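Welcome, and please load the model in your viewer. We will move from one selection to the next, pausing at each stop to see what is there.

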Amino acid sequence: GSALDDPNNIFILLLVIAIIYFMCAVLFESLLLPLVIIFLIPLSFIGVFLVFGFSGWSFDQGGYASLIMLSGLVVNAGIYILHQYRGIQGAIGKKSAMQLYIRAFNHKIAPITLTVISTVLGLIPFLMDGPDEVFWFAFAIGTMSGLLFSMLALVFVMPAWVKIRY
């Protein structure tokens with residue numbers, strides 16, 4: 001069976017998401033703004049499930065570990081942008097939400113992209129043994145595909161959610 005068949009694993013994943021929500025609620029002093037961050041997590045999971053679904057590779061403990069790792073990495077990217085957004089919002093004020101988001105995005109996309117690229121490149125050695133190395137291959141392929149999909153979420157989806165007034 002899959003690692004997600006175990007109710008304990010689902011509970012741990014939901015606990016991680018709940019902890020992230022409360023940490024972001026304190027950081028942003030908002031109960032709604034952390035939802036933007038939280039909604040990035042399942043979007044990045046789409047990349048993981050697509051690669052395992054279409055490839056036929058086994059989603060096991062390595063795939064589950066990639067979900068946990070991906071949760072932290074995509075949240076980090078979202079926090080970078082939203083924290084910059086809030087700082088600019090306080091300093092500039094009267095511009096539209098989209099103009100503020102674009103400015104924040106432009107300030108933070110370089111470190112986010114470097115994090116994604118360095119993580120993807122750092123996981124390439126785990127692909128060398130192929131699917132025979134069960135845990136590490138699934139971990140690497142899941143994390144890499146989820147990170148690449150999360151970039152799409154940061155570029156195309158997150159700006160639409162930030163337009164909501166908080």
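Is Trp136 buried, partly exposed or exposed? Select Trp136: its relative accessibility is 36%, so Trp136 counts as partly exposed. On this scale, buried means under 20% relative accessible area, exposed means over 50%, and partly exposed is in between (1.4 Å probe, protein chains only).

Before moving on, note that this is a predicted model, in which local features need pLDDT of at least 70 and side-chain atom pairs count only at pLDDT 80 or more, while totals for chains, interfaces and linings use all residues. Residues are numbered from 1 along each chain as its sequence is written, and side-chain values use heavy atoms, with hydrogens and water left out.

**The aromatic pairs**

Searching the whole structure gives 11 aromatic pairs. Rings of Phe, Tyr and Trp (its six-membered ring) pair if their centres lie within 6.5 Å; planes under 30 degrees apart count as stacked, over 60 as edge-to-face and the rest as tilted.

Select Trp57 and Phe137 to see an edge-to-face pair, with 4.9 Å from centre to centre and 85° between the planes. This pair links distant parts of the chain, 80 residues apart: Trp57 is in the loop between helix 2 (33–55) and helix 3 (61–92), and Phe137 is in helix 5 (residues 134–162). Helices here are DSSP runs (H or I, at least four residues), and strands are too (E, at least two), numbered from the N terminus. Trp57 is partly exposed, at 32% relative accessible area, whereas Phe137 is buried, at 6%.

Now add Phe126 to Trp136. Their ring centres are 4.9 Å apart and the planes lie at 15°, so this pair is stacked. Phe126 sits in the loop between helix 4 (97–123) and helix 5, Trp136 is in helix 5, and the two are 10 residues apart. Phe126 is partly exposed, with a relative accessible area of 30%.

**Along helix 2**

Next, select Phe45, Phe49, Phe52 and Phe59, which ring pairs link into a cluster. Of these, Phe52 lies in helix 2 and counts as buried, at 6% relative accessibility. Add Phe139: its C-alpha atom is 11 Å from that of Phe52, although the two are 87 residues apart along the chain.

How far apart are the end C-alpha atoms of helix 2? They are 35 Å apart, which agrees with the 33 Å that its 23 residues should span at 1.5 Å a residue. The expected span is 1.5 Å times one less than the number of residues. Just after helix 2 comes Gly56, with a positive phi near 85°.

**Helix 1 and the loop after it**

Go to Phe11, Ile12, Leu15, Ile19 and Met23, which make a nonpolar surface patch of about 500 Å². Patches are made of residues with over 30% relative accessible area and no salt bridge (a side-chain nitrogen of Lys or Arg within 4 Å of a carboxyl oxygen of Asp or Glu). Like charges are joined within 9 Å, and nonpolar side chains (Val, Leu, Ile, Met, Phe, Trp, Tyr) within 5 Å. The areas come from the Shrake-Rupley method with a 1.4 Å probe; for residues, only the protein chains shown count as cover. Ile12 lies in helix 1 (residues 7–28) and is partly exposed, at 40% relative accessibility.

Tyr21 also lies in helix 1, but counts as buried, at 17%. Select Leu33 with Tyr21: they are 12 residues apart in sequence and 9.4 Å apart, C-alpha to C-alpha. In the loop between helix 1 and helix 2, pick Glu29. Its phi is near 50°, a positive value in a residue other than glycine, and Glu29 is exposed, at 72% relative accessible area.

**Two last stops**

Select Tyr80 and Lys108: Lys108 lies over the ring face, 5.7 Å from the ring centre. A charge sits over a ring if NZ of Lys or CZ of Arg is within 6 Å of the ring centre and within 35 degrees of the ring normal.

Finally, find Gly122 in helix 4, partly exposed at 43% relative accessible area. The C-alpha atoms of Gly122 and Met144 are separated by 9.7 Å, with their positions 22 residues apart along the chain.
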